[in-house]
Amino acid sequence: LVFNEGYASTGDGARSAARTGAAGELITLEQQDRSLWDEAMIAEGRRLVETAQSYRRAIGECTNAVERAFLERRLAQVSGR
C-alpha cells in the first residue's frame, strides 16, 4: 500500500477517515474501522502497483535500448517519480 501512504501527507489517503478519532487522537491500523476506508482509492493503488510491476518485469526482459528507455519512463510516471 505504498501508493495509499503516498496520499497520507495530503490528508486524502484511503484510510484518512479512519486514522483519527472524534477528539483528533490517532487510531492504530489494527483499531481502525475498515468500513471507513476508501475502497476505490485502495483499488486504484493496487492497480498502480500491478502496472508498475508489469513495467518492471518488461524492463528486465527488454533487449532493445529504445524500448527499455520508453518502459523506464512509463515506470517513472506510474511510480510518481
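Me: Over the ring of which residue does the charged end of R15 sit?
Reply: Happy to look at that, with a note that this is a predicted model, where local features need pLDDT of at least 70, side-chain atom pairs count only at pLDDT 80 or more, and totals for chains, interfaces and linings use all residues. Numbering runs from 1 along each chain as its sequence is written, and side-chain values use heavy atoms, leaving out hydrogens and water. A charge sits over a ring if NZ of Lys or CZ of Arg is within 6 Å of the ring centre and within 35 degrees of the ring normal. For R15, the distance to the centre is 5.9 Å, and the ring belongs to W37.

Me: Which element gives the largest share of the largest nonpolar core?
Reply: A nonpolar core is a set of buried (under 20% relative accessible area, 1.4 Å probe, protein chains only) Ala, Val, Leu, Ile, Met, Phe, Trp, Tyr and Cys residues joined through side-chain atoms within 4.5 Å. The largest one has 8 residues, including L48, Y55, I59 and L75. Two elements, α3 (39-61) and α4 (65-79), each give two or more residues; helices are DSSP runs of H or I, at least four residues, numbered from the N terminus. The largest share, 4 residues, comes from α3.

Me: Is A76 buried, partly exposed or exposed?
Reply: A76 belongs to helix α4, and its C-alpha atom is 8.5 Å from that of A52, 24 residues away along the chain. Exposed needs over 50% relative accessible area, and partly exposed falls between that and the buried limit. Because its relative accessibility is 25%, A76 counts as partly exposed.
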